[in-house]
Amino acid sequence: YPKAFIYDLDGVITDTAEFHFLAWQKIAQKLDISIDRQFNEQLKGIGRMDSLELILKLDPSLSELSNEEKENLANRKNELYLELVETIDSSNVLPGIEELLAANKEQGLKIALGSASKNALYVLDRLGLTHYFDYIVDASQVSKGKPDPETFTAAADALGIEYPACIGIEDSAAGVAAINAANMFSVGVGDAAQLSDADYLVEATSQLDFEEIVERYRH
Ligand code: B16
Ligand code: MG
């Protein structure tokens with residue numbers, strides 16, 4: 001039987017993945033680069049600076065940007081992102097998530113967050129969900145981001161739970177790869193085109209059912 005659920009934040013608990021995209025799109029526009037939702041799939045789960053580097057690679061003439069200019073762009077992106085995040089509250093928790101958290105608690109399972117975001121604590125707080133979490137891993141605690149397993153193993157280590165007894169939930173290809181590399185059971189939320197490596201895949205959070213996930217985990 002599983003002992004812990006480790007949740008990704010952006011794109012699983014709330015739809016801030018869309019806000020990250022909208023903020024990056026504005027930054028890209030200023031640089032005369034266009035990015036679409038398909039390109040954005042690569043940015044999901046990837047840290048702020050690494051995301052910027054992926055965008056800059058689209059235009060070889062930008063390879064000469066100084067570190068200071070990159071810092072400025074990343075800071076500006078975060079300001080745009082925070083303007084959007086300031087509008088969220090508990091009504092922005094994605095369908096099925098609070099029910100799943102409640103089921104975890106009822107069954108005595110541990111709950112952790114495994115996010116690549118530096119804004120994770122703030123976002124979780126705005127959503128009113130902080131009290132569910134036994135442990136929170138955000139960008140400040142890991143040296144190697146997703147797809148490295150560290151985000152997820154750090155959470156399991158802090159909880160004192162062996163990796164195979166953990167179930168990770170992710171909306172990004174990098175995140176599913178991280179969960180698999182941690183030797184945990186991976187639940188993907190989204191499109192099979194990106195998330196085919198997930199041990200169990202659902203299209204949307206509304207399809208996340210505690211009993212069903214445990215059933216898949218056990219077989
Ligand atoms: P920040 P997650 C990730 O969060 C996002 O998926 C990714 O798009 C973002 O670039 C990254 O956090 C860093 O976020 O700029 O707020 O530090 O999906 O791992 O919860
Ligand atoms: Mg995510």
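Helix 1, where helices are DSSP runs of H or I with at least four residues, strands are runs of E with at least two, and both are numbered from the N terminus, has 15 residues that should span 21 Å at 1.5 Å a residue (the expected span being 1.5 Å times one less than the number of residues), and its end C-alpha atoms are 22 Å apart, which agrees. This is a predicted model, in which local features need pLDDT of at least 70 and side-chain atom pairs count only at pLDDT 80 or more, while totals for chains, interfaces and linings use all residues. Residues are numbered from 1 along each chain as its sequence is written, and chains are lettered from A and ligands numbered from 1 in the order in which they are written.

**Helix 1**
- Among the buried residues of helix 1 are Phe19, His20 and Trp24, buried meaning that 20 or more other C-beta atoms, placed from the backbone, lie within 10 Å of a residue's own.
- Just after helix 1, aspartate 32 takes a positive phi of about 65 degrees.

**The sheet**
- Six strands form an open sheet in the order 3-2-1-4-5-6 with parallel pairing, two strands being paired if DSSP finds at least two bridges between them.
- Strand 3 (135-137) and strand 6 (200-202) stand at the edges with a single partner strand each, so one side of each is left without a neighbour in the sheet.
- Strand 2 (residues 110-114) pairs with strand 3 in the parallel sense over three bridges, and alanine 112 stands opposite tyrosine 135 in strand 3.

**Ligand 1**
- The shell around ligand 1 includes two or more residues from each of helix 1 (16-30) and helix 3 (48-56).

Definitions and conventions
Buried ≥ 20, exposed ≤ 12 C-beta atoms within 10 Å, placed from the backbone.
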